[in-house]
Every structure is written in structure tokens, then in C-alpha cells.
Amino acid sequence: MNTSTVLQHRSYINEGYGLKSWLITHDHKRIALLYLISITLFFFVGSMAAAMIRLELATPSGDLVSAETYNKLFTMHGVIMVWFFLIPSIPAVLGNFLVPLMIGARDLAFPRLNLASWYLYTLGGGFTIGALIAGGVDTGWTFYTPYSSMFSNSYVVAVIVGVFIVGFSSIFTGINFIVTIHKMRAPGLTWFRLPLFIWANYATSVILVMATPVLAMTLSLVAIERILQIGIFDPALGGDPLLFQHLFWFYSHPAVYIMVLPAMGVASEIITCFSRNPIFGYRFMAYAILGIAVIGFLVWGHHMFVSGQSMYAGMMFSLLSFLVAIPSAVKVFNWTATLYNGTISFEAPMLYGLGFVGLFMIGGLTGLFLASLALDVHLTDTYFVIAHFHYIMVGGAVMAYFGGIHFWWPKMSGRIYPENWGRFSAIVIFLGFNLTFFPQFLLGYLGMPRRYHQYPEELQWLNEISSAGAVLLAVGYLLPLLYLLWSLRYGRIADSNPWKAKGLEWQALSPPIRDNFEDTPVVKEKAYAYIPEH
Amino acid sequence: MTDKHALTAEQFDDPEQEHEASTLGMWVFLGTEVLFFGVLFASYAVLRFNYPEAFAEASRHTNILLGTVNTAILLTSSLTMALAIRSAQLSKHKLTAGFLLLTILLGILFLGIKGVEYYGEYEKQLVPGLNFAYEGDNAQSIKLFFYLYFIMTGVHAIHVILGIGTLAVIAVMAWREWFSSDYFTPVELVGLYWHFVDIIWIFLYPFLYLVSRG
Ligand code: HEM
Ligand SMILES: [Cu+2]
């Protein structure tokens with residue numbers, strides 16, 4: 001077996017020891033690892049809630065937890081997964097680590113702001129978890145008024161404070177990325193030579209800085225309304241609850257692109273590398289990313305088809321929602337075209353990457369069902385919606401996140417993880433995922449509503465499949481935790497470019513030194529200059 | 001003159017890059033601020049559309065005299081701010097500190113007058129959540145107007161307070177001759193912020209005070 005060999009060079013990891021050197025670091029790579037640890041913890045907490053939900057739903061009668069506890073469970077699950085896992089995961093972990101490396105910079109533009117982001121993330125997380133421990137929240141992660149502002153007697157305000165704080169963490173990260181990508185690219189690295197991962201994080205940052213303040217202010221208004229019993233959302237007081245939904249979804253629809261755009265960036269890097277082929281239609285891929293980001297701001301009303309907004313608004317939003325399919329389809333076609341004629345090898349990151357493409361496609365196509373005004377009236381608030389967004393967000397974003405962690409693990413840790421375990425877990429996750437969530441399309445189509453802890457007998461078999469799948473999925477998620485940790489000590493030492501990939505980050509040592517590069521690299525070729533082997 | 005800002009922060013190649021990055025960062029931040037206030041303006045628009053008469057009636061209870069004086073004060077402070085930047089560029093340290101101090105004083109004056117206004121509204125029992133007691137058909141929607149009035153001017157006032165704090169730090173730095181014609185980014189950035197706060201007020205003033213007077 002492997003013997004543990006000591007890392008040879010001075011890297012960002014051994015540059016200072018002790019907790020303090022990490023907690024006051026300004027190094028984007030160390031901050032990325034701080035995020036990695038805290039985000040993993042939140043993922044675990046959110047998954048525990050999911051496990052409870054699935055356990056409850058294994059039987060038709062509500063026998064495990066009360067309706068009230070169930071409400072708190074799915075709220076906790078949603079709040080944690082959305083704000084403390086999905087939104088920050090790829091940008092804050094992989095983005096933080098890679099953005100400066102990929103553009104040949106020594107660090108992000110504002111390193112102290114970056115560290116502050118992490119502290120805000122932790123503080124906001126502390127608040128939210130505290131509120132959830134103190135008694136929980138039962139509003140759902142959407143905080144719909146007037147229930148959240150007037151009726152719910154749970155810890156709404158505390159959770160809102162937590163989400164508000166973590167929102168500023170997002171905003172700071174977004175500002176940092178935008179400025180860094182604009183101003184700190186290595187000589188020769190023009191916009192159209194940037195890796196697509198950078199484009200994706202750029203577009204994501206734009207969404208982050210434009211959408212998050214809206215959420216922050218809107219939730220503040222809910223909190224004030226709740227505390228003072230006056231406000232602009234409660235119809236009994238002359239307010240307008242639809243206003244809340246508009247403002248909420250103005251953030252929360254673009255938020256799904258905050259989750260999936262970086263995932264697309266990761267997938268692009270992986271697919272081009274493991275098919276040894278330059279990405280097909282590079283420019284269109286970049287434009288598609290921007291297109292998705294822009295159109296993403298125009299479609300929020302598709303969450304409100306049955307809310308009582310005007311029929312014409314519904315029709316407009318329906319039409320615009322279909323438009324998002326165009327750039328999304330461009331991306332899928334171009335990944336396929338990259339694979340076509342490529343020399344494909346199926347390493348673990350590639351399996352995750354391909355899993356991402358497949359699951360994202362199912363999620364996206366079912367999104368078209370939901371974007372159709374008439375169909376949505378039947379499907380809204382059923383498990384069809386749950387299945388749809390899990391395919392996009394869990395099948396898509398989480399898959400790509402795991403793929404990215406595997407792909408860049410040698411760079412981050414300086415070690416190689418055990419490849420066969422990586423492949424195995426990718427397959428387990430893919431199977432577990434489909435087993436968990438595919439039945440939910442059927443359940444939703446048959447009319448099982450979301451957010452109920454009981455359901456009619458006939459639906460039990462589908463729910464049982466789903467619950468069994470969740471167990472498999474959980475195993476798939478736990479495996480990487482084990483073998484990645486194992487590899488930190490026993491894994492083979494990685495050289496600087498174990499995948500023979502293109503991109504500046506692979507020119508840095510593994511793990512990189514504090515300043516990333518000995519000398520500022522100069523870029524002379526376009527992105528993904530792989531030489532196809534046919 | 002010694003340039004106390006001798007070193008460029010380590011992540012940058014040169015002072016020019018540092019300056020450009022900081023400036024862009026400030027602009028993006030102000031972009032987020034626009035959207036932050038945007039929620040309040042959107043809410044205002046919706047409610048005013050729903051209750052036009054009530055909003056007109058309510059705005060007649062705001063103190064237009066003090067509001068107008070405050071507008072003038074804030075505009076003047078933008079001028080002194082611009083002069084501070086100009087003198088920092090010319091390496092006139094004491095003058096820079098002086099203009100910054102003047103800006104701070106105008107900011108404090110603004111807050112003071114705002115406080116007097118708030119007190120007036122308190123006496124007229126127009127503060128929702130505290131002592132709102134208004135008679136008439138439109139009372140409920142007028143309450144919403146005043147709720148928005150306090151939130152909007154309140155959030156704006158918080159921005160003024162933060163601005164004053166930052167200005168104070170910058171003023172001390174200017175006094176200690178930190179800035180020069182080579183390096184005046186912080187003065188410029190806090191100036192941008194201050195102008196932004198000013199611009200927000202330029203929108204608040206007509207919306208809250210002038211809705212339908214005249
Ligand atoms: C083991 C895997 C998972 C299972 C079994 C699961 C199960 C569920 C269920 C049953 C609901 C619906 C609750 C309801 O409305 O009745 C739900 C909601 C949700 N899940 Fe998951 N989930 C899993 C993983 C994830 C992950 C990994 C994420 C994000 C990364 C996620 C994000 C969400 C979100 C955002 C909601 C919406 C909550 C709401 O309805 O308001 N889930 N999940
Ligand atoms: Cu949406």
C-alpha cells in the first residue's frame with residue numbers, strides 16, 4: 001500500500017500551521033477550504049432533514065412525526081440546502097480556489113473582503129441553525145406572506161436574520177469575482193480565451209449582486225411586518241401579498257441559475273478534458289451563459305401562475321420561460337458535440353460530468369412542462385415540481401460540485417484519490433438519485449401534493465421506492481467523504497497536472513504556493529487547446 | 001511629502017491596477033445598493049398605484065419645509081465632498097481634511113433636521129407601530145404610506161450614518177497626510193458613496209414630500 005510521503009515544496013497548505021493561521025488567512029485557497037468544511041457540515045445537516053422527510057413518507061399515515069414537525073423539517077431542509085449549500089457551494093469552494101488560479105492572478109482583488117464573506121457565512125449559518133434548534137420554522141423556505149409575517153408562531157425573524165447575513169456573504173463574493181475577472185487577468189488572457197468556468201462564475205456573480213439585495217430587503221420587510229404588525233404584504237392591513245411573491249421570485253428564480261451556471265462551468269471543464277477535444281462552439285457557450293443569466297431575470301412569474309396574477313402576465317412569463325430553453329439547449333448540444341469525435345475516458349470526474357448532463361436534461365425538459373401555463377395548473381405544488389427542481393439542483397448542481405471536487409482534488413490537496421472508489425460512488429449517486437426522484441414525477445402526475453406528511457395508500461409503493469433510493473443516495477454521498485479524507489494521508493502524491501489538462505491552474509504546483517505562480521504566466525493560446533487524437 | 005501608502009497591496013501588480021479594481025468594486029457595490037433600495041421604490045410604486053388619494057393626502061402631512069432644507073444641505077455636502085477629492089488630488093492635506101470635516105458636519109446637520117422631522121411626526125401621532133392614530137377614511141393606507149416613509153428615510157439615514165463614520169476615518173487619514181496626487185483612491189471611493197446616498201435622497205424627496213402638493 002501507499003506510504004505517506006511528506007509534501008516536498010512549500011505550499012499554501014504548509015505555509016503556516018495552527019488554527020489561527022487559517023482563521024485570519026487572506027489566501028483565497030485557504031478560504032476555499034474553510035468554505036469546503038463548513039459547507040460540507042451544512043450539507044450534512046440539510047440531508048439529515050431530508051432523511052427524516054423520506055422516512056416519514058415511507059408510510060402513508062403520518063406516524064413518525066406530527067404535521068407541525070414535518071413542516072419544520074422541510075423548511076429546515078429547504079432553507080439550509082438553498083442558502084447554505086447550493087448557492088455558495090461551487091462559487092465559494094471551487095470558485096474561490098480556482099478563479100485566481102485560472103486567470104493567473106495571485107489572489108482575488110479583495111482578500112480581506114473574501115475572508116469577511118466566510119465569516120458572514122458562518123455567522124448567518126449560526127443564526128439559522130440556532131433558530132432551527134430553538135424551535136424551528138414552519139413557513140417553507142419561501143416565507144410566503146401573510147403566513148410568515150402574521151400567523152406562523154415559529155422563529156421566522158431569526159431565520160430571516162440568518163438568511164440576510166448569508167446574503168451579504170454572497171454579495172461580497174460576487175463583487176470580488178467580478179472585479180478580479182475584469183482587472184486581474186494574466187497578460188494575453190483576453191475575454192474569449194477565458195475558461196468557461198470563469199465565464200460561468202462571472203455571470204453567476206452578476207446575478208448574485210443584482211438579485212441578492214432584493215431578497216435581503218424583502219425579507220427585512222417581512223421581519224419588520226412581523227415585529228410591528230404593520231406592513232405592506234398583509235391584505236388585512238391593505239398590503240399586497242402578491243408584491244411579496246414578485247419580489248421573492250425576482251431573487252429566487254435567478255437563484256436557480258446561481259446554482260446551475262457554475263455547475264455548467266464545471267461540466268464544460270471536465271467534458272473537454274476527458275474527451276481530449278476543445279469545447280465545441282466556445283463562443284456560443286460563453287454567450288449562452290450570459291443569455292441564461294439575462295433571461296433568468298425575466299421569468300420569475302412562472303412561479304406564480306396560480307397566484308392570482310393577471311392572465312396576461314402569466315402568458316408573458318410562460319413565453320419567456322420557454323426562451324431560457326434555447327441557451328440551455330445550446331449548451332447541451334455543444335457538450336454532446338464535444339464528446340462526439342472525442343477520445344473519451346471515463347474517470348470519476350467525467351462520470352459525474354456526464355451524470356450532470358443527463359440529469360440536467362431531464363430536469364430541463366420537465367421544466368418545459370411546468371412553464372406551460374395550462375399544464376402547470378395541474379402540476380403546481382405537486383411532487384412533479386419537487387422532482388423537477390431536484391433534477392436540476394441536486395442532479396445538476398450537486399453532481400457537478402462533486403465532479404469538480406474530484407477533478408481539482410489533486411490540485412487542492414496534492415494527493416490522488418482512489419480512482420475506482422470515485423467511479424463507484426459516481427455510479428451509486430447516479431442510481432440512487434434516479435431511484436429517489438424519478439418516482440416523484442409519477443407521484444406528482446398522480447396528484448400527490450408537496451408539503452404533506454400523509455398521502456393515500458395507493459401511492460405508497462412509489463414513495464417506498466423513493467425512500468429506498470434516498471438510502472442509496474446517502475451512501476453515495478458519504479463514500480467520497482471517506483475516501484477523500486483517506487487520500488489526504490494515504491493517497492499518491494499528485495504532480496501538477498495529473499489529468500494532462502489545459503488551463504493555467506494546471507501550471508501551478510499541486511498544491512499551489514501562496515502566490516499561486518512563481519512568475520505571472522503569459523497566455524498565448526486559446527482556451528482548451530487540446531489536440532484531438534483522430 | 002512622505003507617501004504613507006508606499007506599498008501596493010500584494011495581490012496587485014501596480015497602483016494603477018489597484019485603483020481600477022477598487023473603483024470597479026465600489027461601482028458594483030453601489031449597483032447592489034440600487035437594487036436594495038429598488039425593493040422599497042417598487043413597493044412604494046405598487047401601493048401608490050393602489051391608493052393614489054391616500055398617498056396624496058398622507059404626503060401633505062410631511063414637513064415640506066424641513067425636507068426641502070435637508071435636500072439643499074445634502075446637495076451642498078456633495079459639493080464639499082467633490083472639493084475634498086479635488087484637494088486630495090492636489091496633495092493639499094489640510095484642505096482635504098477641512099472639506100471632509102465640512103461634509104461630515106453637513107451630514108450631521110441633515111440627520112439632526114431629520115430627527116426634528118421625526119419628532120414632529122411623533123407628536124402628530126403618525127408613527128406606525130408606535131403611536132399611529134389617524135382619523136379618516138384613508139387611515140389604513142395612510143398608515144402604509146408612513147410605514148414606507150419611515151423605512152425609506154430610515155434606511156437612507158443609516159447610510160448617511162455609515163457615510164459619516166467612513167468620512168471621519170478618511171478625514172483623519174487626510175490630516176495625517178496619507179493621500180497625495182499619487183494615491184487618493186479612498187477619498188474618491190467614499191465620495192462616490194456619498195454622492196450615491198445623495199442621489200437616493202433626490203428620489204425620496206419628491207416621492208415622499210411632493211406627491212401631490214401644488
Ligand atoms: C437524499 C436526498 C434528498 C431527499 C430525499 C430530498 C427530499 C425532499 C423532499 C421530500 C422535499 C419536499 C418537501 C415537501 O415540500 O413536501 C424536498 C424539498 C427540497 N429539497 Fe430536497 N431532498 C434531498 C436532497 C436535496 C438536496 C441535496 C438539495 C439541495 C442541494 C435539496 C433541496 C431541496 C429544496 C430547495 C427543497 C424545497 C423545500 C420546499 O419544498 O420548500 N434536496 N426535498
Ligand atoms: Cu423559476
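**Figure 1. The surroundings of ligand 1.** Welcome to the first close-up: 26 residues surround ligand 1, and the closest are A:His77, A:Trp141, A:His390, A:Arg450 and A:Arg451. Here a residue counts as near a molecule if one of its heavy atoms lies within 4 Å of it. This is a predicted model, in which local features need pLDDT of at least 70 and side-chain atom pairs count only at pLDDT 80 or more, while totals for chains, interfaces and linings use all residues. Residues are numbered from 1 along each chain as its sequence is written, chains are lettered from A and ligands numbered from 1 in the order in which they are written, and side-chain values use heavy atoms, with hydrogens and water left out.

**Figure 2. Side chains that meet ligand 1.** In A:His77, a side-chain N or O atom is 2.8 Å from a nitrogen atom of ligand 1. For A:His390, the distance from a side-chain N or O atom to a nitrogen atom of the ligand is 2.7 Å. A:Trp141 has a side-chain N or O atom 3.2 Å from an oxygen atom of ligand 1.

**Figure 3. Helices and residue types around ligand 1.** Which helix of chain A gives the most to the shell? Helix 3 does, with eight residues. Helix 2 (28–56), helix 3, helix 13 (383–413), helix 14 (419–445) and helix 15 (460–490) each supply at least two residues; helices are DSSP runs (H or I, at least four residues), numbered from the N terminus. The shell divides into 19 nonpolar, four polar and three charged residues. Nonpolar means Ala, Val, Leu, Ile, Met, Phe, Trp, Tyr, Cys and Pro, charged means Asp, Glu, Lys and Arg, and the others, Gly among them, are polar.

**Figure 4. The largest cavity.** The largest cavity (a set of points on a 1 Å grid over the protein atoms alone where a 1.4 Å probe fits but cannot get out) has a volume of about 130 Å³. Of its 16 lining residues, which have an atom within 4 Å of a point, A:Ile87, A:Pro88, A:Val166, A:Ser169 and A:Ser170 are the closest to its centre. That volume is the space filled by probe spheres set on the points, with grid points joined across faces, edges and corners. The lining holds eleven nonpolar, five polar and no charged residues.

**Figure 5. Where chain A meets chain B.** The contact (heavy atoms within 4.5 Å) takes 37 residues from chain A and 31 residues from chain B. Among chain A residues, A:Lys183, A:Met217 and A:Ile230 lose the most area to chain B. Chain B itself has six helices and zero strands.

Terms used: On a 1 Å grid over the protein atoms alone, a cavity is a set of points where a 1.4 Å probe fits but cannot get out, and a pocket is an open set with protein on both sides within 12 Å along at least five of seven lines; lining residues have an atom within 4 Å of a point. A polar contact is a pair of N or O atoms within 3.5 Å; within protein, one must be able to donate a hydrogen and the other to accept it, and residues adjacent in sequence count only if both atoms are side-chain atoms. Buried area is the accessible area (1.4 Å probe) that two parts lose on being put together, summed over both.
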